[in-house]
Amino acid sequence: MPSSEPSTDVVVERTLIQSSAISTFPTISRTLADVREEVAQSLALRMITKARTVDGVRIGVHFTFSKKDDGRFLRLITSHIRARLPSSRYLFAIATTGSSPTSRDTRDRARTSNALVICGSDEDDVQRAVLLASSKFLGRVDAVQNTGTLLAASVRHIGSSYDDAALWDVLSKSVRTPIDPLLPPPGSRSIDQLLSDARSKLERMTPRQAYEALHDPTYPMPVFLVDIRPASQRAREGGIHGSLIIERNVLEWRFDPRCEARLAIADRYDLKIIIYCQEGYTSSLAAASLHELGLLNATDIVGGFAAWRAAGLPGQIKPPSTISDEESYQISQPSFDSDDVIDGI
């Protein structure tokens, strides 16, 4: 009966073949520099592949994790971009994020900086990007090296969604083809279009509907009437006693439940906020802005205060409708000065 084990000659023959293969094709160990080179080449290819085109120029923004010697690694990526786009016009921004070596400034406060590189094929594009970027990262840039077609900088705490959007904005504006200053730029909208878009989001109310909602005890959510007019206009035209006086320049901060400067009543997203201005134009834009914060029940009064007065409605309300009469008069008249400002904004 034949054995299942291979013969000694077969084993020896296999061993000789394997030894020969090993000696013919020796194993080559890769260094850390080789790995960094491969990673840089891969990132460069990815940026080129995912680049957007603005006026015929390729642009792209990419964040990568912090590595040893960030600046040199980012320059390695740019060298691969240049090699792959020798005759194309491009502008790219690359930054490292996450932990990096800490240093201490002159006041001995620890700070963390990451590397940012902006590279391009056209020196004018890069220099425009440098000027625009300087306004985006005020107080966060520790060091800058500008070599014409490449900017290398150390920027503190880079990598947020703001930084990503800011860099895309910088690159887009830097490569735009100069246009006739009398012609509207591509993508711009007139005030009529802005107003139409804003009102498409709202369930606008007539003065009568607003008055009834404010005095309906069965209304499903708290209702507030908000006067956003400046003090001079309120003094000249009069107003509705009981409405919240919150001028336009602080409206979003007062009603954003996420904001420390919010009103105490702005602690939920289903509030019915009814905004009015003098004639119902600015109020529509303001209400649409509150929608962006998540306050989807915000709206305004058609015709504004002028329409309220023309409808013969009372010059006094008792908000909010979900609170008893006694309580409503205690909180119905908070006011803010016309020059009210918020620190840090």
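These exercises work through one predicted model. Local features need pLDDT of at least 70 and side-chain atom pairs count only at pLDDT 80 or more, while totals for chains, interfaces and linings use all residues. Residues are numbered from 1 along each chain as its sequence is written, and side-chain values use heavy atoms, with hydrogens and water left out.

**Exercise 1. Describe the protein chain as a whole.**

Step 1. Take the secondary structure: 12 helices and 11 strands. Helices (H or I, at least four residues) and strands (E, at least two) are DSSP runs, numbered from the N terminus.

Step 2. Take burial. Of the 345 residues, 39% are buried. Buried means under 20% relative accessible area, exposed over 50%, partly exposed in between (1.4 Å probe, protein chains only).

Step 3. Take contacts (heavy atoms within 4.5 Å). Among those with a separation of 6 or more, 69% join residues 24 or more positions apart.

**Exercise 2. Place threonine 64 in its surroundings.**

Step 1. Find its element: threonine 64 belongs to strand 2 (residues 57-65).

Step 2. Classify it. Threonine 64 is buried because its relative accessible area is 10%.

Step 3. List its partners. Leaving out residues up to four places away in sequence, threonine 64 touches Leu43, Phe73, Leu74, Ala95, Thr96 and Thr97.

**Exercise 3. Analyse the aromatic pair of tyrosine 211 and tryptophan 308.**

Step 1. Search the whole structure: three aromatic pairs turn up. Rings of Phe, Tyr and Trp (its six-membered ring) pair if their centres lie within 6.5 Å; planes under 30 degrees apart count as stacked, over 60 as edge-to-face and the rest as tilted.

Step 2. Apply the geometry. The ring centres of tyrosine 211 and tryptophan 308 are 5.9 Å apart and the planes stand at 65°, so this pair is edge-to-face.

Step 3. Locate the partners. The pair links distant parts of the chain, 97 residues apart: tyrosine 211 is in helix 7 (residues 207-214) and tryptophan 308 in helix 11 (residues 304-310).

Step 4. Check burial. Tyrosine 211 is buried, at 18% relative accessible area. Tryptophan 308 is buried too, at 1%.

**Exercise 4. Identify the rings beneath arginine 52 and arginine 229.**

Step 1. Set the test: a charge sits over a ring if NZ of Lys or CZ of Arg is within 6 Å of the ring centre and within 35 degrees of the ring normal.

Step 2. Take arginine 52. It lies over the face of tryptophan 168, 3.6 Å from the ring centre.

Step 3. Take arginine 229. Its charged end sits over the ring of phenylalanine 305, 4.7 Å from the centre.
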